[in-house]
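Subject: Structure for you to look through

Dear colleague,

I am handing over the structure below, together with some notes on what was found in it. Please keep it open while you read, so that you can follow the text residue by residue.

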Amino acid sequence: MSNCIVAQSGGPTSVINATVAGVVKANQLNPLYEHVYGGLNGIEGILAERFVDLTNMSDEENLVLRQTPSSALGSCRYKLKRDNVADFEKIIAIMDKYDIETMFYTGGNDSMDTVAALSEYARKHNITNHRFVGCPKTVDNDLMITDHCPGFASAAKFIATTALQSWLDVNVYPASRQEVFILETMGRDAGWLAASACLSGHVDVLIVPEVPFDKEKVLARIKRIVDEKAKCYVVVSEGARYADGTYLAAGEAKNDKFGHAVLGGAAKALEAMILEAGVAPRCKVQDLSTAQRCHATEQSLVDVTESFNLGMSAHMHTADKNFTGKMVGIKRRPGEKYDVEYFAIDADKVANYVKNFPKEWLLDDYAGLKQEGYDYLRPLIQGTPVIIYKDGLPAYVTPYYMR
């Protein structure tokens, strides 16, 4: 019996480890592989042969792993370039060395590109004893084909909860105190996270990448709301941009190793505009930054359950020896009651594309969401898992790369 390996890449989420737990548990229930290895720090760690054996994980550790945020196996931002043949040759040689038949790679857009690239290389060189399977995750929710990505719903729940709580905070003062509160969320190219704040029911202005930022219109709307009720609650995505593509974010955007802009500062830039224009005398800014993707006590039960089941499904799909080069996605079943099924799609149909928030779900004049947006988002944030605590704090596994 051969072995498999599961690894994580890209930005973490609060439920990414549940997918790993699902792969491990599936193999314990239906042993397709002798060993389930964990690759430490993604492709970068696999190239360095940094593995941990997860095969005999206890039930208790499996449960705690599901509620552990961030990437317990460690992550990386390593770009597997198709013209770097040495990397491909080394990965195949390492898989041969450890008798690894299947690699499960959990990540976002660039991780799905890694799955596609490895599958293309294997097919081109007639390598049939190694397979590559993508398991999606991204708080940005911007992967194509799949209805939504594990990790997004919990981030959405945290953002909506934070919006509700901070709205209550900013409104404690009387109408004589005019104030604008600006919440900044992640979302380089898509406004899914920013839109989720509307679930709080208190967003007055929503600014997302899908709708070009018009300074005069935005400031006019904010002023109108301040004049009407003294307080205005604004949500802006880090990827908000002008019609010419220039980012609203303060400061010069730099690029990461994948050529993506490293953003942050959209809320501060908007604050400066508001104060300079005299739209309001006071402005507060809250950038959710890393908290929105790692705040695991706000996990959505739907999200962590689906992440775990997706790992189980990915493992079960590989019982078919021809299953490779695929991403396992989530499909929402039609009907009034929320339910999903898991399906497979070629990874190259997902990689390097962006699923934007539908413009038709947005109200005009930056006023928030139409009912279709709420209908999509609300089922995803339902339920709260039972959290295991230790000494008053949530119990988490010690990251495998720290052992």
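Which residues are linked in a network of salt bridges? They are Lys-79, Arg-82, Asp-113 and Glu-120, where a salt bridge is a side-chain nitrogen of Lys or Arg within 4 Å of a carboxyl oxygen of Asp or Glu. By this rule the count comes to 22 salt bridges.

Before going further, please note that this is a predicted model, in which local features need pLDDT of at least 70 and side-chain atom pairs count only at pLDDT 80 or more, while totals for chains, interfaces and linings use all residues. Residues are numbered from 1 along each chain as its sequence is written, and side-chain values use heavy atoms, with hydrogens and water left out.

Helix H8 (residues 215–229) holds the salt bridge partners Asp-227 and Lys-223, which are four residues apart and therefore separated by about one helical turn; here helices (H or I, at least four residues) and strands (E, at least two) are DSSP runs, numbered from the N terminus. The N to O distance in this pair is 3.0 Å. Asp-227 is partly exposed, at 48% relative accessible area, as is Lys-223, at 37%; buried means under 20%, exposed over 50%, and partly exposed in between (1.4 Å probe, protein chains only).

Arg-224 of the helix H8 also forms a salt bridge, with Asp-365, at 2.8 Å from N to O. Because Asp-365 lies in the loop between strand E13 (340–346) and helix H12 (371–377), this pair ties together parts that are 141 residues apart in sequence.

A further salt bridge joins Glu-61 and Arg-403, with the closest N and O atoms 3.5 Å apart. This pair links distant parts of the chain, since Glu-61 is in helix H3 (residues 59–66) and Arg-403 in the segment after strand E15 (393–394), 342 residues away.

Strand E8 (residues 231–237) is mostly covered, with seven of its seven residues buried. In a regular strand the side chains alternate between the two faces of the sheet. In E8 both faces are covered, with Lys-231, Tyr-233, Val-235 and Ser-237 on one side and Cys-232, Val-234 and Val-236 on the other.

Strands pair if DSSP finds at least two bridges between them. Strand E6 (residues 179–185) runs parallel to E8 and is joined to it by seven bridges, and strand E7 (residues 205–207) pairs with E8 in the parallel sense over three.

Best wishes
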